[in-house]
Each structure stands twice: as C-alpha cells, then as structure tokens.
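Good morning, colleagues. Please look at the model on the screen while I take you through the protein chains and the surfaces that face the DNA.

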There are 2 protein chains.
Amino acid sequence: MSPLQKDPAKSEAIIRAAIHIFARDGLDKGKIADIANEAGIGKGTVYEYFRSKDEIFHAMGDTIMSDMIDASEKLYSMDLSPHDKLRTFMRMNIEIIFEMEDAMLIMTEIWAQGARAIKHGEHPDTTLYHASQSMKQLVINILRAGVMAQEFREMNYDGVATLALAFIDGFVWQFMVSTNRPAFDRALAEGIESFMKGLER
Amino acid sequence: MSPLQKDPAKSEAIIRAAIHIFARDGLDKGKIADIANEAGIGKGTVYEYFRSKDEIFHAMGDTIMSDMIDASEKLYSMDLSPHDKLRTFMRMNIEIIFEMEDAMLIMTEIWAQGARAIKHGEHPDTTLYHASQSMKQLVINILRAGVMAQEFREMNYDGVATLALAFIDGFVWQFMVSTNRPAFDRALAEGIESFMKGLER
DNA sequence: AAAATATGACCGAACAGTCGGTCAGTCAAG
DNA sequence: CTTGACTGACCGACTGTTCGGTCATATTTT
C-alpha cells in the first residue's frame, strides 16, 4: 500500500508525469506507457515504484491535496484583518487552483469517484474528505475571528463556510469551460464583493 | 449523427438505461452490454439506434440538459417578486439537480471532458455550453428585473450571475460528498440568505 | 589494482482480460 | 416469400500487469 522504497526522485517524476498525462487524457484513458515515457523510464519500472494504476491515483491525489492545503495555510497565516484575509483567501485560492490546471481536472474526476463510492455505501477516498474538512475549518476560523472583531455579522459558521467553499469550487468549475479570461476576472471581482457584502454587520 | 429512426420508445429506454449505468460505473467503465441488458434488449439492438457509445453520450447529455433547462424555465415563469424568484430559483435548482443524482454524476464527467477539449483547443460539447449560457441568461433576467424594481442594488449582472451559478454548482458539488443531510440543509439556508444579503441596496 | 562476483534497478516483449462494435442468422409480421 | 427488427457469439484492438533477462555499480577476492 505504502509507496515502495527506492529512489524518491524517480517516484516524484512518475507522479509529476502522471498528473500531466491523466489531466490530458483522463483517469481511464491515460496510459501507463505514456507516463513511463514522459518520466523517461521504462514501463516496467513504473511497477517498481507503484503496485498498480490505482496506487498511482492515490499517491497523486495525496500530492495534489497537500500542495493545496499548504498553499491555503500559507494564506491563512498572513497578517491581515479578518475581512482582508477572507477576501484574499478566496481570490488566491481560486487563482491557485486555476494555476494548477492539471491538478484541477484530476481532482474533478477523483471527486466524482468519491461521490460514486458514497452512493454505493462504500467509504470515499479519505484524503479528499480530510482535505475538504481542513479547508472548511480554515474558513471557519477566519469567520469566527471576524465576528469576534465585530467586522462580520453574527452567522451560522458552517453555513457561510460552505457557501465560501461552494463559491470557490463553483467559480473554478465555471472557469474551466470559460474561454474569456478578462470577463472572468471581472466576474470574480464582483462575485467576491457581493459575497463580502453579505457578511456585513 | 442524428439518432437513427425506428421505435422512439426504445430509443428513450436506451437513454434511460444509459443514464443509470453510466452514473453508476462512470462513462468509461459503463458497458454497452449492461445498458442493453437494463433496457431489456440485446447488445446488437443498441447499435440499431445509436451508431456508437459516443453518440449515446451526446444523446444522453442533450436529454439531461433539456430536462434541466425545462425545470429552470418553469421556475422562471412563476409569478413572484424578483427577490423571491431568485431565492426560489437557487434553492429549487439545487434541489432539482440533487434529485437528478444520476444525471449529476454524468454531467460532472461531461463537463470535465469539455474542459479538456478546450485545453486542447478543440470545441467543447456545444450542448453543455449553450445550456450554461441559457441558465446564466435566466439569472441575469431576474437580476435586471430586481434592479428595475429597486429591490436589488446596482451591480455587474454578469458577475453576480456567475456568482449565483457558481454557488449552485459548488453547493451541489460539496453535497455530493456530504453524508449529513440535515447539516447540509441548514448550510444551504444560511448560504442563500447570505447571498441574498449581498444584493441588498 | 584488477578481476571476479553479487546486487537490484531497469527494461520491454509477451500475456491475459476486457469491451466496443460486427454480422450471419433467427423470428415475427404482412 | 419478403422485409427488417432483433440477437448474441465472435472478433480484434487495446492496455494493465508480469517476468526473465540485462547491465551499471558495489563489494569481495586475488
């Protein structure tokens, strides 16, 4: 289950290649052969580092999510008023996700798989679940600080945090099929303002 | 390209079966044989009605999107104040999408495919594109009426409409991996209130 | 130092399972 | 008898995984 040992640099190269290939071709259509090729190694070698295609999915998901959480936590620890922190958090999160274009497409598929697993009564991928919980907690902390500081109105924290995350997800989502970048930027600015306005006292 | 003729009832049965099977197993893993079986016909007969698996995807996408737009337009034509109409529109849209659980999972994959197509410089599935445009237009119409009636503040319509749709998408999205229905309902109520508050004059 | 030996990372040809799509034949209707 | 809807056994392309063998490097022996 845990990644096999050997050269960790090669293991990373495989993950990097996998992210590129799977984003381009999809989780099912992406071929191990192409990943090996992109990583500059033989097909057989991939199996020296990962037991199966599925294990690559998981390792890839872990990498992506921890990158995302790291970036969020960096934002979170910036020294800003709750108001500015939340505004920045949302804008930058969207931009980070957007820059990780490849990762974004993969997360979409993994998320869909998770939803399917839940429908089947199975356990969803726990990495994904924990990541989204920890993102929500970050937002709740900002909101709570804002209410303390009397910058925001009283609110149901969980509800507003869900709104904020829904907003982030949804915007990225919409963006994926948007070809008009300037219009998107304007929409984002207005969207954030409108959201912030809903938090005023 | 257009669906072959013959018995239209059977054609619909195939689409219905396809929606169920593809939602359960994913677009790639879903087997034609299973669809045929679920529709109560032989595998070969499927190919009397559709030329390929891909043509089934398209027909299925068309069916789902037109169902969704029909439902939205019904909401849109209700006789309510802009304020109530928007609130209702958002809540009911989320509930509609949520009830079409199978469709939701399929749309996710089709959307991801569209995003991939755009990245490749190809044309995305036009059905999806037009559908999302027409949803946005519906929201813009409501917003504009609200500003006319002095119920809403002045705003950038496109931006706020994008926010509203992002909110709907994102909420559904979050919900797909949520197992706690009551908490979700509370979050939804708070989310909508917060959103509406952002539109006040 | 040089030769002999051992190690294990690396490789890609071959294998085996899976499905989308085909088609020769069956069957029912007119 | 003719037509055409229907069927499922079959084909072949595709690709995840395996595995026997290669080779660069490290270690031991002489």
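Let me begin with the residue classes: Ala, Val, Leu, Ile, Met, Phe, Trp, Tyr, Cys and Pro count as nonpolar, Asp, Glu, Lys and Arg as charged, and the others, Gly among them, as polar. On that basis, the surface near DNA strand C divides into four nonpolar, five polar and nine charged residues. A residue is near a strand if its C-beta atom, placed from the backbone, lies within 6 Å of it.

Two remarks on conventions. This is a predicted model, in which local features need pLDDT of at least 70 and side-chain atom pairs count only at pLDDT 80 or more, while totals for chains, interfaces and linings use all residues. Residues are numbered from 1 along each chain as its sequence is written, and chains are lettered from A and ligands numbered from 1 in the order in which they are written.

I stay with the DNA. Of the 18 residues around strand C, A:Ile41, A:Gly42, A:Gly44, A:Thr45 and B:Gly44 come nearest. The element that gives the most to this surface is α3(A), with four residues; helices here are DSSP runs (H or I, at least four residues), as strands are (E, at least two), numbered from the N terminus.

What comes nearest to DNA strand D? Of the 18 residues around that strand, they are A:Ser52, B:Ile41, B:Gly42, B:Gly44 and B:Thr45. Here α3(B) provides the largest share, four residues. By class, the surface near strand D has four nonpolar, five polar and nine charged residues.

I turn to the protein interface. In chain A, 43 residues are in contact with 42 residues of chain B, where contact requires C-beta atoms, placed from the backbone, within 7 Å. On the side of chain A that touches chain B, α6 (101–119), α8 (157–176) and α9 (181–197) each supply at least two residues. Of the elements of chain A, α8(A) gives the most to that side, with 15 residues. By class, that side has 23 nonpolar, 12 polar and eight charged residues.

Next, helix α9 of chain B. Which of its residues are buried? They are B:Phe184, B:Ala187, B:Leu188, B:Gly191, B:Ile192, B:Ser194 and B:Phe195. Buried means 20 or more other C-beta atoms within 10 Å of the residue's own, exposed 12 or fewer, and partly exposed in between, with C-beta atoms placed from the backbone. Seen down the axis of α9(B), the buried residues fall within an arc of 165°, so they line one face of the helix; the arc is that of the directions from the helix axis to the C-beta atoms. On the other side of α9(B), B:Pro182 and B:Asp185 are exposed. The buried residues pack against α8 of chain A, together with α5 (82–99) and α8 (157–176) of chain B.

B:Phe167 also deserves a look. Leaving out residues up to four places away in sequence, B:Phe167 touches A:Leu163, A:Ala166, A:Phe167, A:Gly170, B:Met90, B:Gly191 and B:Phe195.

Finally, a backbone detail. Most residues other than glycine have a negative phi. A:Gln150, although not a glycine, has a positive phi of about 60°, and its place is in the loop between α7 (126–148) and α8 of chain A. A:Gln150 counts as exposed because it has 9 C-beta neighbours inside 10 Å. In chain B, B:Gln150 has a positive phi of about 60°.

Note on methods: Contact = placed C-beta atoms within 7 Å.
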